[in-house]
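Visitor: I should like to take a close look at a single part of this model, and I would ask for a connected account of how that part is built into its surroundings. Please begin with the pairing and proceed outwards from there.

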Amino acid sequence: MRKRMRWVAAAGIVLALAGCSANDSGGSSESAGMPMSADTKQAVPNQGGPNQGPANKEAPDSKAGSGKAPAPAGQPGITDRKLVRTASLELTAPNVADVISQVRVITQGAAGYTGQESTQEKRASVNVIVPAERLDGVLDQLGRLGKQVRREVTATDVTEQMVDVDSRLATQRASVERIRALLARATSVSEIASVESELTSREAELESLQKRRESLAGSVAMSTISLQVKAETVAAAEQSRSGFLGGLADGWDAFLAFGGGLLTVLGAMAPFLLVFGVPAAALVWWLRKRRRPAEPAMATASDLPSAPPLD
């Protein structure tokens, strides 16, 4: 009887366990098959990455960014590029002096200034420094002062150099501050001297980086125009001297230049020849004149017969 009760109890336990497992599987299947309600959707977190937003916010972003891909992190955009712009302009005009005076007026009106300048009667060259944002406008104004022969504009990207210098400046400033903190805690004379020497070295490097940063910033902010102006007669003469006749004329000019240089050298040597050359030539002539009579006398003495030997 007891054995039957044990078997019945065991069978009941097995049936109970089987029913529990069936209920769990049914519940999970129902939850998988049932549609999620609005509250359930809000409670369930997004299954994407940790930096991704909800699905309903990703659609507008993808539409807005379909035109252009975003710039990589840490890289400046197109509008943030640092460019050093320079230009060169060559003009021909009837009066060179009038053009140079008008160049100064245009430069001052653009909040700029003129640098190195060389002005002659029929040609001139001057460096015009203006703000970078006014470079194109100033070039147009200068081009209307005469006939444009050549116009060039170049741009050098120094963005990476600026970013590198800024990073090194931040690191160097932090280093200087740490050394100053060590100097404040130094107690002995040897520690103070060592820390002060290191501080001086790092401050010098920091100042050098600051100067480089200022130079780059100045080159970006201001643009330089190399302007050359020639008289129309000079430009026409230079243009006509081409081909065989032009080469012949250039060769004749080179020959005249060589002859003029040779005459200049001879003229520079003439005083030395008069002072040292004439006495030297006279001394040589006198020495040669003294040797001429002695040579025949020595020859006749050698031709005499020798005396017979004594017994």
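Guide: In this predicted model, a suitable starting point is the parallel pairing of strand β1 with strand β5 (residues 222-231), which extends over eight bridges. Within this pairing, L89 has L227 of β5 as its bridge partner. Strand β1 also pairs with β4 (residues 147-157), here in the antiparallel sense and through ten bridges. R85 belongs to that second pairing, and its bridge partner in β4 is A155. With β5 and β4 as its partners, β1 takes its place in an open sheet of five strands, whose order is β2-β3-β5-β1-β4 and whose pairing is mixed. The edges of the sheet are formed by β2 (113-119) and β4, each of which pairs on one side only. On average, neighbouring strands of the sheet are turned by 10° against each other when direction is ignored.

The burial of β1 may be considered next. Strand β1 covers residues 83-93, and eight of its eleven residues are buried, so the strand is largely enclosed by the rest of the structure. For the chain of 311 residues, the share that counts as buried is 17%. In general terms, the side chains of a regular strand alternate between the two faces of the sheet.

From β1, the path through the sheet leads by way of β5 to β3, as the strand order shows. Strand β3 (residues 123-131) pairs with β5 in the antiparallel sense, over nine bridges. In this pairing A124 of the chain stands opposite V229 in β5.

Helices also rest on these strands. Helix α4 (residues 96-109) lies across β1, β2, β3 and β5, and its direction runs at about 10° to β3. Helix α7 packs on the sheet as well, where it touches β1, β3 and β5, and its direction makes about 50° with that of β5. Strand β1 is thus among the strands reached by α4 and among those touched by α7.

The loop that follows α4 merits a brief remark. A111 is found in the loop between α4 and β2. Most residues other than glycine have a negative phi. A111 has a positive phi of about 65° although it is not a glycine. With a relative accessibility of 52%, A111 counts as exposed.

Beyond the sheet, α7 has a further partner. Helix α6 (residues 159-185) packs against α7 (residues 189-221) at an angle of about 160°, and the two axes are 9 Å apart. The two helices are therefore roughly antiparallel to each other. The crossing of α6 past α7 is left-handed. By class, this contact comprises 14 nonpolar, four polar and eleven charged residues. A170 has its place in α6 and is partly exposed, at a relative accessible area of 46%. From A170 to L206 the separation is 36 residues in sequence and 9.3 Å in space, C-alpha to C-alpha.

The wider setting may close the account. The chain has nine helices and five strands, and along the sequence they follow the pattern α-α-α-β-α-β-β-α-β-α-α-β-α-α. Of the contacts between residues at least 6 apart in sequence, 75% join residues at least 24 apart.

Definitions and conventions:
Residues are numbered from 1 along each chain as its sequence is written. This is a predicted model: local features need pLDDT of at least 70, side-chain atom pairs count only at pLDDT 80 or more; totals for chains, interfaces and linings use all residues. Side-chain values use heavy atoms; hydrogens and water are left out. Axes are lines fitted to C-alpha atoms, for helices over the stretch in contact, and angles run from 0 to 180 degrees between N-to-C directions. Helices (H or I, at least four residues) and strands (E, at least two) are DSSP runs, numbered from the N terminus. Angles under 35 degrees count as roughly parallel, over 145 as roughly antiparallel, 65 to 115 as roughly perpendicular and the rest as oblique. A crossing is left-handed if the near helix is turned anticlockwise from the far one by less than a right angle, and right-handed if clockwise. Ala, Val, Leu, Ile, Met, Phe, Trp, Tyr, Cys and Pro count as nonpolar, Asp, Glu, Lys and Arg as charged, and the others, Gly among them, as polar. Buried means under 20% relative accessible area, exposed over 50%, partly exposed in between (1.4 Å probe, protein chains only). Two strands pair if DSSP finds at least two bridges between them. Contact means heavy atoms within 4.5 Å.
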